[in-house]
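Got the viewer open? Let's take a walk through this one together, with a list of things to select at each stop.

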Amino acid sequence: MKLPGPFEISAVVESVGPFRAPDFILPDATPEAFAQTKTSKDVRFVDIAGNRLIMSFHSLIVRTKRNVILVDTCVGNDKHRPMLPEWHMRNGPYLEELAKAGCPAESITHVLCTHLHADHVGWNTRLINGRWVPTFPNAKYIMHRTEVEHWQEIQKDPEKAPNHRSWIDSVQPVLDAKQAVIVDSDYEIEPGVRLMPAPGHSPGNIVLVLDDGKDKAYLVGDTIHHPVQIERPQWSSRFCWDADMSRTTRTKFVETVADTGAWVIPAHFAAPNAVQIITDKDGFHFKTLK
Ligand SMILES: [Zn+2]
């Protein structure tokens, strides 16, 4: 699906639908607190009867004149994730969808994971003859130094089986293939396409900032999980590494971007995927193209 914003942005969806209850994903979203938000009545983002947040798992493709950048790579096929049935041993048509969007795997020049959680690194690799190999043979995989160092250290303790063991099948093979480029927060892929640090959800969580001189977009990953967090930026997710830091980062971001006309495109917002943050008499809210 084509999205608004600078350059050419589109979404390739791996899965979308009702996921978990609001207060499971966002512990502060108690039934009473959630019911007071406008978003709780928005059927695009909430399965009201089922009391579930609707969440999309998608990659974003950014096409500039020079590059084809794939942002976040979902859960992936054949990944052993027994703790989470929806993610376990998937067999979906993601690569076909990518090709249909005009971006076969060979055409991707850069893969950028906003952070290294299992639902953002899955398609980094695919299983070929029993081996995990990089899915995108011609891509540089951009990874933030702090994030790599964090997960590299944690995964050393196999007892903890951190992050669904996704380091082993989805990150290490990219490092072994020498396709990873480990960068700091000031990295620029090309003029108008740069990183911005957004720590909290994970230690090295980053946002991709796109600015073609006319339009601006922020591809924020899980800095904002669900649209209700625009109304309630103080609500961090259950999956945040440091809930307080995440709250601070998100609140500052929402304040900075509100009423600027910039597009905000997170990793899990259901269609239409992109929003503009606005302020009204009650505080922060969002609008979409449709
Ligand atoms: Zn995620």
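Start with the largest cavity, which holds about 50 Å³ of space. This is a predicted model, and a search of the whole of it turns up 2 cavities of 30 Å³ or more. To see the walls of the largest one, select Leu116, Trp151, Gln155, Pro162, Asn163, Arg165, Ser166, Trp167 and Val171. Which helix gives the most to this lining? Colour residues 166–176 and you have it: that is helix α6, which contributes 3 residues. By class, the lining of the largest cavity splits into 5 nonpolar, 3 polar and 1 charged.

Now hop over to the second largest cavity, with about 30 Å³ of space. Select His58, Leu60, Val71, Asp72, Leu219, Val220, Gly221, Ile265, Pro266 and Ala267 to show its lining. The elements that give two or more residues here are β4 (52–63), β14 (216–221) and β15 (263–266). Of these, β14 has the largest share of the lining, with 3 residues. Counted by class, the lining of the second largest cavity has 7 nonpolar, 2 polar and 1 charged residues.

Keep Asp72 selected for a moment, since it has a story of its own. Most residues other than glycine have a negative phi. Asp72 is not a glycine, yet its phi is positive, at about 65 degrees. You'll find Asp72 in the loop between β5 (68–71) and α3 (94–100). Is Asp72 buried or exposed? Its relative accessibility is 3%, so it counts as buried.

Slide along to Met89, which is in the loop between β5 and α3. Met89 is another residue other than glycine with a positive phi, near 45 degrees. With 45% relative accessibility, Met89 counts as partly exposed.

Next, the rings. Show the side chains of the aromatic residues: there are 8 aromatic pairs to look for. Begin with Phe24 and Phe239, an edge-to-face pair with 6.4 Å from centre to centre and 65 degrees between the planes. This pair links distant parts of the chain, 215 residues apart: Phe24 belongs to helix α1 (residues 22–25), while Phe239 sits in the loop between α7 (228–231) and α8 (243–257). Phe24 has a relative accessible area of 33%, so it is partly exposed. Phe239 is partly exposed too, at 35% relative accessibility.

For another edge-to-face pair, select Tyr218 and Phe253, where the ring centres are 5.2 Å apart and the planes are at 80 degrees. Tyr218 is in strand β14 and Phe253 in helix α8, so this pair also links distant parts of the chain, 35 residues apart. Try a surface view here: Tyr218 counts as buried at 9% relative accessibility, and Phe253 counts as buried at 6%.

Then pick Phe19, Phe57 and Trp87, which ring pairs link into a cluster.

While the rings are on screen, add a couple of arginines. Go back to Phe24 and bring up Arg238, which lies over the face of that ring at 4.3 Å from its centre. Then centre on Trp235: the charged end of Arg232 sits over its ring, 5.9 Å from the centre.

Time for the cysteines. How many disulfides does a search of the whole structure find? The count is 0. Select Cys113 and Cys74 to see why: Cys74 has the closest cysteine sulfur to that of Cys113, and at 10 Å it is too far for a bond. Cys113 itself is buried, with a relative accessible area of 5%. Now select Cys240, whose closest cysteine sulfur is in Cys113, 18 Å away and too far for a bond. Cys240 is buried as well, with a relative accessible area of 12%.

One last stop, at a peptide bond. Most peptide bonds are trans. Zoom in on the one from Ala271 to Pro272 and you'll see a cis bond, with omega near 10 degrees. To get your bearings, Pro272 lies in the loop between β15 and β16 (276–280).

Definitions and conventions:
Residues are numbered from 1 along each chain as its sequence is written. This is a predicted model: local features need pLDDT of at least 70, side-chain atom pairs count only at pLDDT 80 or more; totals for chains, interfaces and linings use all residues. Side-chain values use heavy atoms; hydrogens and water are left out. On a 1 Å grid over the protein atoms alone, a cavity is a set of points where a 1.4 Å probe fits but cannot get out, and a pocket is an open set with protein on both sides within 12 Å along at least five of seven lines; lining residues have an atom within 4 Å of a point. Grid points are joined across faces, edges and corners, and a volume is the space filled by probe spheres set on the points. Helices (H or I, at least four residues) and strands (E, at least two) are DSSP runs, numbered from the N terminus. Ala, Val, Leu, Ile, Met, Phe, Trp, Tyr, Cys and Pro count as nonpolar, Asp, Glu, Lys and Arg as charged, and the others, Gly among them, as polar. Rings of Phe, Tyr and Trp (its six-membered ring) pair if their centres lie within 6.5 Å; planes under 30 degrees apart count as stacked, over 60 as edge-to-face and the rest as tilted. Buried means under 20% relative accessible area, exposed over 50%, partly exposed in between (1.4 Å probe, protein chains only). A charge sits over a ring if NZ of Lys or CZ of Arg is within 6 Å of the ring centre and within 35 degrees of the ring normal. A disulfide is a pair of cysteine sulfur atoms within 2.5 Å.
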